[in-house]
Amino acid sequence: MVRIAARGTEAETRRVRRHVAVSAAITALGGLLFGYDTGVVSGALLFVKKDFGGLSSFQEELVTSLLLVGAVIGALAAGRVSDRIGRKLTVLITAVVFIVGVLLAAFTPTYPTLLVARIIIGLAVGSASMIVPLYIGEIVPPRVRGGLVSLNQLAITVGILGSYLIDYGLSGTGNWRLMFGLAAIPAAALFIGMLFQQESPHWLIRQGREDGARQVLRRVRSESDIDAEIREVREISQREGGLRDLVSRNVRPLLTVGVLLAVFQQITGINTVIYYAPTLLQGAGFGNSGALLANVVNGVVNVSMTIVAIWLLDKVGRRPLLLSGTAGMAVGMTITALSFLGGENLHGTLAIVAVLGLLIYTGSFAIGLGPVFWLLIAEIYPLKIRGAAMSVASMANWAANFVVTISFLTLLSAIGGVGAFFLFGFLTLVALGYFWRKVPETKGRSLQEIERDLTHSHAA
Ligand code: BGC
């Protein structure tokens with residue numbers, strides 16, 4: 001009897017895991033689009049420039065950075081929208097906005113229309129960046145939440161790497177319209193796949209639709225866990241409050257943690273490495289193809305170490321990965337900075353050391369701050385204001401990304417590669433100190449337990 005029951009439970013666990021993994025993978029297509037659309041522009045710009053009769057560097061800059069402006073707005077809007085109309089519908093709308101934006105970019109007749117298209121794509125990227133972890137976080141069981149939410153980060157890194165490879169593959173023909181337009185395929189897949197997914201059970205309970213929530217939970221939880229989860233979520237849903245809660249005594253410290261994680265994720269320099277590495281390496285005496293190759297290797301390290309993170313997050317927890325990853329980033333940055341000390345033109349061993357430093361940096365980001373930021377903001381906020389609070393943290397991430405991206409080249413000419421890398425290394429150490437003191441562990445606990453623990457400890 002006992003053996004049969006155990007086997008029954010095992011089969012049930014496997015069924016649940018399969019179901020939630022498929023849901024998470026479909027939703028993570030939003031992450032793929034986030035990575036692809038932010039990465040594709042560097043290669044596409046070379047050819048856009050030619051077609052529109054030469055663009056000034058400011059005009060080029062606009063094509064890149066207007067996406068980030070759109071993302072700030074998209075991230076801000078998506079949280080409130082998803083609290084109101086539901087997580088699933090928000091993902092569906094996001095997919096439609098993606099499709100409209102990338103098709104407009106692909107068929108754009110003029111340069112100004114391309115700018116409009118980039119803003120529209122940005123709206124979708126910003127929205128996807130928060131709604132994907134939010135939805136996955138609520139639909140999957142606690143024990144596998146870290147890994148499955150971080151499928152989103154894996155998809156981001158695959159999207160970035162895929163965009164390099166597609167830019168490279170299409171560079172012979174210079175077909176920048178196709179570079180932009182190809183993103184319509186995953187966007188359509190996201191839309192169709194999402195039509196077959198369920199609404200988040202937590203959102204349904206909050207709306208008082210417990211029967212609907214129970215139906216969803218039957219697919220994504222073991223039978224024995226369902227009643228307790230409905231009861232717990234109902235209880236936290238009944239708490240008074242609304243948007244004002246965002247700045248209440250309980251939530252404010254958590255909001256600060258989310259926003260600072262967001263800002264540190266960007267001001268420690270990840271996107272300067274991801275987007276400017278070829279420029280930096282060319283400047284340092286690498287040939288064109290050497291610089292591009294180093295970039296692809298960097299992308300592969302980013303993807304591979306994210307896979308390691310997914311494997312470890314639910315085993316060792318968020319904090320150990322975040323802390324060791326951030327320490328590794330500081331080591332990588334320092335190595336790269338030191339290799340530039342003797343002058344900005346690198347040869348032989350020093351060139352290899354510089355690249356190794358960058359790889360250590362990226363690999364360490366991928367195992368810690370990359371996935372852990374997006375995961376934690378899906379875990380630490382009370383259900384009542386989860387969407388809105390995640391919006392604030394994601395918006396801070398995009399705004400910081402914008403500031404760093406737009407000022408990096410100026411920073412580089414002001415303080416040089418050595419100065420910039422030491423600065424990032426220093427900021428990484430400051431981040432490490434903050435994370436050590438303030439970032440909570442969330443491994444293995446249900447979102448309800450986390451909410452109880454965190455809002456109480458902060459109220460005390
Ligand atoms: C960050 C992005 C970054 C990417 C790199 C994400 O977690 O938010 O800004 O480009 O990781 O893998």
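Around the ligand stand 15 residues, where a residue counts as near if one of its heavy atoms lies within 4 Å, and the closest of them are Q153, Q265, Q266, N271 and W374. The model is a predicted one, in which local features need pLDDT of at least 70 and side-chain atom pairs count only at pLDDT 80 or more, while totals for chains, interfaces and linings use all residues. Residues are numbered from 1 along each chain as its sequence is written, and side-chain values use heavy atoms, with hydrogens and water left out.

Three glutamines bring polar side-chain atoms to oxygen atoms of the ligand, and such a polar contact is a pair of N or O atoms within 3.5 Å. For Q153 the distance is 2.7 Å, for Q265 it is 2.9 Å, and for Q266 it is 2.9 Å. The protein covers 99% of the 310 Å² of accessible area that the ligand has on its own, an area that comes from the Shrake-Rupley method with a 1.4 Å probe.

The shell around the ligand can also be read by helix, a helix being a DSSP run of H or I with at least four residues, numbered from the N terminus. Helix 7 (151-170), helix 13 (252-267), helix 14 (270-283), helix 18 (369-379) and helix 19 (386-438) each give at least two residues to this shell. By class, the shell has six nonpolar, nine polar and no charged residues, where Ala, Val, Leu, Ile, Met, Phe, Trp, Tyr, Cys and Pro count as nonpolar, Asp, Glu, Lys and Arg as charged, and the others, Gly among them, as polar.

Rolling a probe the size of a water molecule over the atoms shows where empty space is left. On a 1 Å grid over the protein atoms alone, a cavity is a set of points where a 1.4 Å probe fits but cannot get out, whereas a pocket is an open set with protein on both sides within 12 Å along at least five of seven lines, and lining residues have an atom within 4 Å of a point. The space taken by the ligand is the largest cavity, and a molecule sits in a cavity if more than half of its atoms lie within 2 Å of its grid points. About 190 Å³ of space lies in this largest cavity, a volume being the space filled by probe spheres set on the grid points, which are joined across faces, edges and corners. Of the 18 residues that line the largest cavity, F34, I156, I160, Q266 and N271 lie nearest its centre, and by class the lining has nine nonpolar, nine polar and no charged residues.

Turning to the open spaces, the largest pocket holds about 1,100 Å³. Its lining is made of 38 residues, with S42, G43, Y275, P278 and T279 nearest the centre, and helix 2 gives the most to this lining, with eight residues. The second largest pocket has a volume of about 340 Å³, and of the 17 residues that line the second largest pocket, P141, P142, R143, R221 and D225 are the closest to its centre. Its lining has six nonpolar, five polar and six charged residues.

Methods
A polar contact is a pair of N or O atoms within 3.5 Å; within protein, one must be able to donate a hydrogen and the other to accept it, and residues adjacent in sequence count only if both atoms are side-chain atoms.
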